[in-house]
Structures are given as C-alpha cells and as structure tokens.
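Hello,

Here is the structure I promised to pass on to you. Have a look at it first, and then read on for my notes.

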Amino acid sequence: MGKYKGNKGNLMQHWTLCEVLLIANCHHSSLNYIDAHAMAPFAATRKGNDPVFDHVRDNLANGQSVYEQAWKELTSDCPGTYPNSANFVQHLWRGDLSMLLCEKDAGIAARLKAWVDDLRQSEKLRCGKVHHGDWRERFCQGLPNPVDAGLPEDALTLVSFHPYMISDRTHRYMEDPGNLYPQDMGAIGQALEDVKGAVVVQMSTYSINGPNPQPDITSLVDKSLRVYGLERVAKTRTGGDMMSLIYARNVDWACGELKSLGDRFTDWLDAQRKAAKRT
Ligand SMILES: C[S@@+](CC[C@H](N)C(=O)[O-])C[C@H]1O[C@@H](n2cnc3c(N)ncnc32)[C@H](O)[C@@H]1O
C-alpha cells in the first residue's frame with residue numbers, strides 16, 4: 001500500500017499544502033491539480049520515526065489546523081495510514097477539481113488509477129489521469145490547461161513536487177530519478193510555460209545531503225523559475241534539512257496572503273515540539 005516517512009517532512013509538506021488550498025479556495029472555485037511524485041492514496045508502511053509526528057497523529061482529535069482535521073477525517077476508516085497530497089486536495093477542495101498524478105512505481109500507480117476511478121464515479125473529479133512512469137516523460141508532453149481538464153479558464157493550476165531532495169549538482173543528474181536536479185528546473189519551467197492563468201507551485205526538499213545547503217537550493221530554484229514568471233511567495237522549513245517552497249504566477253492574492261505561511265508553520269511546529277516533549 002505504499003510507504004511514507006512519518007516525520008516532520010510530512011508535517012511540513014501537508015500543513016503547507018492544506019493552508020494554501022484553504023486560502024486559494026477563497027479566490028478560485030476550480031482546481032487543476034498536477035502531482036509529479038504522487039505516492040499511494042493511503043500509505044501504510046512507515047519508514048521513519050519521529051516523536052513530533054507521533055504527537056500530532058495521536059492528538060488529531062484536538063488538532064486546530066485544517067491539516068490535522070483533514071488528516072483525522074481521511075484516516076477515520078483506516079487508522080495508521082497516511083494520506084498523500086492528492087487525498088488532502090480532494091478532501092479539502094470545494095468546487096470543480098481535475099488531477100494529473102505521476103508515479104513511477106507500478107504497484108502504487110495501479111492503486112492510484114483505482115482510486116482516481118472511484119473519485120470520478122463519485123463525481124468528485126471532472127478529469128482524473130494517472131501517468132505511470134517518470135514525471136519528466138509526462139511533463140515534456142505538455143501539461144493540461146484548465147480547459148483541457150474540463151475546467152473553466154480561471155481555474156487555479158497547482159503543481160506539486162515532493163522528491164527525496166533537490167540537488168544543485170548538474171554532474172549528478174538522474175543519479176536518483178527521485179531527486180530534482182538543476183536540469184529539471186528548465187524542463188519544469190518549459191512545461192508550465194503553456195499553462196495559462198493562475199499557477200501555484202509547491203516544491204519541497206527533505207535532505208541537504210550532498211551537501212545542498214538550503215540557501216543554495218533556494219536561489220537555484222528562485223533563479224530558474226523566475227525565468228518563467230514564477231516568483232517565490234512563501235517558504236516553510238522544519239529546520240536546516242527540510243523546506244517547502246511556494247511559487248506563483250498570475251495569482252494576485254498570493255504575495256499578500258501566503259507570505260505569513262513560513263512564520264505560522266514555525267509557530268505551529270514549535271508548539272507541537274514542545275507538546276511532544278511534555279508527553
Ligand atoms: C519521491 S517519493 C518522496 C516522498 C517523500 N518526500 C519522502 O522523502 O519520503 C514520493 C513518490 O514519488 C515516486 N517517485 C520517485 N521518483 C519518481 C519519478 N521520477 N517520477 C514519478 N514518481 C516518482 C515514488 O515512487 C514515491 O511514491
């Protein structure tokens with residue numbers, strides 16, 4: 001059923017996603033969701049251990065954030081599993097929704113296909129597609145515009161990248177296709193160039209091995225995506241190793257309404273850390 005780390009990286013990735021969805025839904029009634037690293041809809045095999053993640057999971061009933069409430073509701077029938085980004089999106093988005101999910105693992109891609117079929121039958125989805133293979137293969141074919149995905153032109157397109165890490169080493173390109181490399185930034189920018197209207201990108205990294213210090217990675221991605229009109233509007237971090245970067249293009253509300261995400265996440269995580277220490 002798919003693996004998940006079960007660490008502060010998951011907390012960062014999905015607290016940030018859920019806050020972006022909540023704010024975006026106030027401005028857009030339709031969402032064109034594209035995920036390069038989809039994972040299983042409900043992952044059951046935990047690879048890591050983290051007392052802060054445990055504390056949040058074990059106290060979802062008292063959770064105040066939209067993330068904790070969604071996590072609780074999504075796993076009420078399957079406790080012990082962890083939802084992927086697409087699951088939080090379908091659960092929280094109010095309005096029309098279309099999805100393109102990329103996943104290279106055959107077993108997980110098959111599960112995603114069955115899950116998307118169910119969502120389509122429940123009319124949760126206007127259009128749902130799963131690409132089994134490397135996201136690079138799918139992105140170079142061109143990405144769906146909202147109208148291609150059965151949505152109105154003014155829909156928001158939200159694109160999600162959750163590699164193992166972002167590396168700034170060009171000579172290491174494709175050493176691990178699960179990472180992102182400088183060469184990928186151009187491919188991403190070009191694929192998004194033909195996507196019209198409002199675009200938001202969430203790109204996360206979960207390690208600085210290499211080393212790939214965060215300031216270097218941030219400036220690499222900032223410079224690369226700025227060429228395609230994507231400006232960074234927020235950054236959430238767990239500390240020196242994991243961060244989630246949010247970029248936007250043609251989104252007039254993004255700068256004003258997303259800029260506080262970084263401080264808000266730090267406050268939320270600090271509170272969870274303190275609470276975890278007390279238990
Ligand atoms: C990259 S992993 C990372 C998840 C999480 N960020 C972590 O660090 O554990 C997420 C999912 O992406 C899939 N994946 C890895 N490389 C991929 C690629 N090049 N294209 C599409 N999916 C990929 C994996 O099979 C997995 O289900």
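In this predicted model, the side chain of D134 places an N or O atom 3.2 Å from a nitrogen atom of the ligand. The backbone takes part too: a polar backbone atom of W135 is 3.1 Å from a ligand nitrogen, and for a polar backbone atom of P177 the distance to a ligand nitrogen is 3.0 Å. On its own the ligand would expose 570 Å², and the protein buries 94% of that area.

If you zoom out a little, you will find 18 residues around the ligand, and those that come nearest are E103, D134, W135, P177 and Y206. Sorted by class, this shell consists of eight nonpolar, four polar and six charged residues. As for the site itself, the ligand takes up the space of the largest pocket.

Next, two backbone angles that I would like you to look at. Which residues have a positive phi without being glycine? One is E123, with a phi of about 55°, and another is N250, where phi is near 55°. E123 belongs to the loop that runs between helix 5 (106-121) and strand 7 (127-132). N250 also sits in a loop, the one between strand 11 (243-249) and helix 9 (254-258). Are these two residues buried or exposed? E123 has a relative accessibility of 71%, so it counts as exposed. N250 is exposed as well, because its relative accessible area is 56%, and the cut-off for that class is over 50%.

Two histidines are worth a visit after that. H14 is part of helix 1, and with 2% relative accessibility it counts as buried. Its side chain is joined to the side chain of Y82 by a polar contact of 2.7 Å. H28 comes later, in the loop between helix 1 (8-24) and strand 2. What does the side chain of H28 reach? It reaches the backbone oxygen of D154, at 3.3 Å. H28 has a relative accessibility of 10%, and it therefore counts as buried, since the limit for that class is under 20%.

From that loop you can move on to strand 2 (residues 30-35), where N32 is found. N32 is buried, with a relative accessible area of 2%. How far apart in space are N32 and V147, C-alpha to C-alpha? The distance is 9.3 Å, while 115 residues separate N32 and V147 in sequence.

For another pair, take R172 and R120: they are 52 residues apart in sequence, and their C-alpha atoms are 40 Å apart in space. R172 lies in the loop between strand 8 (156-161) and helix 7 (182-193). With a relative accessibility of 30%, R172 counts as partly exposed, a class that covers values between the buried limit of 20% and the exposed limit of 50%.

If your time is short, I would start with the ligand and the contacts from D134, W135 and P177, and then turn to the positive phi values at E123 and N250. The side-chain contacts of H14 with Y82 and of H28 with the backbone oxygen of D154 could come after that.

Enjoy looking around, and do write back with any questions.

Best wishes

Key. Residues are numbered from 1 along each chain as its sequence is written. This is a predicted model: local features need pLDDT of at least 70, side-chain atom pairs count only at pLDDT 80 or more; totals for chains, interfaces and linings use all residues. Side-chain values use heavy atoms; hydrogens and water are left out. A residue is near a molecule or strand if one of its heavy atoms lies within 4 Å of it. A polar contact is a pair of N or O atoms within 3.5 Å; within protein, one must be able to donate a hydrogen and the other to accept it, and residues adjacent in sequence count only if both atoms are side-chain atoms. Accessible areas come from the Shrake-Rupley method with a 1.4 Å probe; for residues, only the protein chains shown count as cover. On a 1 Å grid over the protein atoms alone, a cavity is a set of points where a 1.4 Å probe fits but cannot get out, and a pocket is an open set with protein on both sides within 12 Å along at least five of seven lines; lining residues have an atom within 4 Å of a point. A molecule sits in a cavity or pocket if more than half of its atoms lie within 2 Å of its grid points. Ala, Val, Leu, Ile, Met, Phe, Trp, Tyr, Cys and Pro count as nonpolar, Asp, Glu, Lys and Arg as charged, and the others, Gly among them, as polar. Helices (H or I, at least four residues) and strands (E, at least two) are DSSP runs, numbered from the N terminus. Buried means under 20% relative accessible area, exposed over 50%, partly exposed in between (1.4 Å probe, protein chains only).
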